[in-house]
Amino acid sequence: MLAVVGALFFNGVIAILKLAAALITGSSGMMAEALHSIADTTNQVFLLLGLRFYKRPASEKHPFGYGKERFFWSFIAAIFIFGVGATYAIHEGIVKLSHPHAPEHLEWAYWVLGISFVLEAGSIALAIYQEVKEAHHEGLTFFAYLRDSKDPTAKTVIFEDSAALLGIVIAGVGLYLTEHHSGPGDGAYWDGVASILIGLVLSVVAFVLARTSRGLLLGEAANPKSVRAIIQAIESHPNVVKVIELLTMHLAPKQILINAHINVRDELVTSDIVKTVEEVEELIKRAEPKVEMIFLEAARQCESSEQECLTEHVG
């Protein structure tokens, strides 16, 4: 929440500054950056909606809760980055190359880009700080956590701000080349190229974020570390022979549903199996606190055949 609110404030201020500079200078690169920041600001609103709605309790219509709201709104944010930021930036660059006109009053653009860089750096520093804290809590390095984390909100903020910093550099280089190394079209060539490059950067970011959110929306499994911890916890119980099958799915970044089929010792009676299942559930939650819903199917093998002779299903 802190990272998203911080990004919302910074991007809102930056969007206003960039839009003013774009109108004053007539620069395509600055207009692309202005639309980029407007898209980022709107995306923070989408992410806040996800953070607000996913906490709703489970209902009869949604028995597994609303945790995937986080994934849905992150997916919408990725689409918005591409639909508004990337496509317009590329279009603006193509128009500038087709009908060149050199930007003016470039000192305004340089000042705005400098201020924007500082604000974006502050925003991404706040997001990275939050992720580093989470990584240490999980016992992972920052990059390992960023790779394995199922939280699309923080990833969206970091990727957006990284793209914003790169976009500012591209816009600044485009303006410098326009001013000092004019190409064809009375100096508008490099400004148009910068706008297209910014659009391509946004397209890549949108694709990566959409791909991550898509996997989670479709029911992505827990990471291998969590799966190993759950299996070890189950098999650590003295009454468990082995885990036959384990299915996991993220309902939210820190909410995991598991469905497990386990074999228990043959000599156990029904009451022993029920008690074992309850104890195994406690072991699972102790090993992986993110597990919120557990469905266990415990069965013992008949001594005389390979067919299961008793099954207890506990949800």
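**Exercise 1. What does the accessible surface of the chain come to, and what percentage belongs to carbon and sulfur atoms?**

Solution. The structure is a predicted model, in which local features need pLDDT of at least 70, side-chain atom pairs count only at pLDDT 80 or more, and totals for chains, interfaces and linings use all residues. Residues are numbered from 1 along each chain as its sequence is written, and side-chain values use heavy atoms, with hydrogens and water left out.

Step 1. Accessible areas come from the Shrake-Rupley method with a 1.4 Å probe; for residues, only the protein chains shown count as cover.
Step 2. The accessible surface is about 15300 Å².
Step 3. Carbon and sulfur atoms account for 64% of that surface.

**Exercise 2. Determine which elements the chain contains and how spread out it is.**

Step 1. Helices (H or I, at least four residues) and strands (E, at least two) are DSSP runs, numbered from the N terminus.
Step 2. By this reading there are nine helices and four strands.
Step 3. Their order from the N terminus is α-α-α-α-α-α-α-α-β-β-α-β-β.
Step 4. The chain is more spread out than a compact globule, because its radius of gyration is 26 Å, well over the 20 Å that the globule rule gives for 315 residues. The radius is taken over C-alpha atoms, and the rule is 2.2 Å times the number of residues to the power 0.38.
Step 5. Along the principal axes, the C-alpha atoms fill a box of roughly 90 × 35 × 30 Å.

**Exercise 3. Describe the burial, the contacts and the charges of the whole chain.**

Step 1. Buried means under 20% relative accessible area, exposed over 50%, and partly exposed in between (1.4 Å probe, protein chains only). Of the 315 residues, 48% count as buried.
Step 2. Contact means heavy atoms within 4.5 Å. Among contacts between residues at least 6 apart in sequence, 72% join residues at least 24 apart.
Step 3. Lys and Arg count as positive and Asp and Glu as negative, while His and the chain ends are not counted. The place of a charge is NZ of Lys, CZ of Arg, CG of Asp or CD of Glu.
Step 4. There are 24 positive and 35 negative side chains, and the centres of the two sets lie 3 Å apart.

**Exercise 4. Explain how strands β1 and β2 are arranged.**

Step 1. Two strands pair if DSSP finds at least two bridges between them.
Step 2. Strand β1 (residues 240-252) and strand β2 (residues 255-264) run antiparallel and are joined by 10 bridges.
Step 3. The two strands form a hairpin, with two residues between them.
Step 4. Val243 stands opposite Ile262 in β2, and Ala252 stands opposite Gln255 in β2.
Step 5. Nine of the 10 residues of β2 are buried, so the strand is mostly covered.

**Exercise 5. Is Val240 buried or exposed, and which residues does it contact?**

Step 1. Val240 lies in strand β1.
Step 2. Val240 counts as buried because its relative accessibility is 8%.
Step 3. Leaving aside neighbours within four places in sequence, the contacts of Val240 include Ile262, Asn263 and Val264.
Step 4. The C-alpha atoms of Val240 and Leu51, 189 residues apart along the chain, are separated by 39 Å.

**Exercise 6. Locate Ser203 and identify its contacts.**

Step 1. Ser203 belongs to helix α7 (residues 189-217).
Step 2. With 17% relative accessibility, Ser203 counts as buried.
Step 3. Leaving aside neighbours within four places in sequence, Ser203 contacts Phe82, Ala86 and Ile90.
Step 4. The C-alpha atoms of Ser203 and Gly85 are separated by 8.4 Å, while 118 residues part them along the chain.
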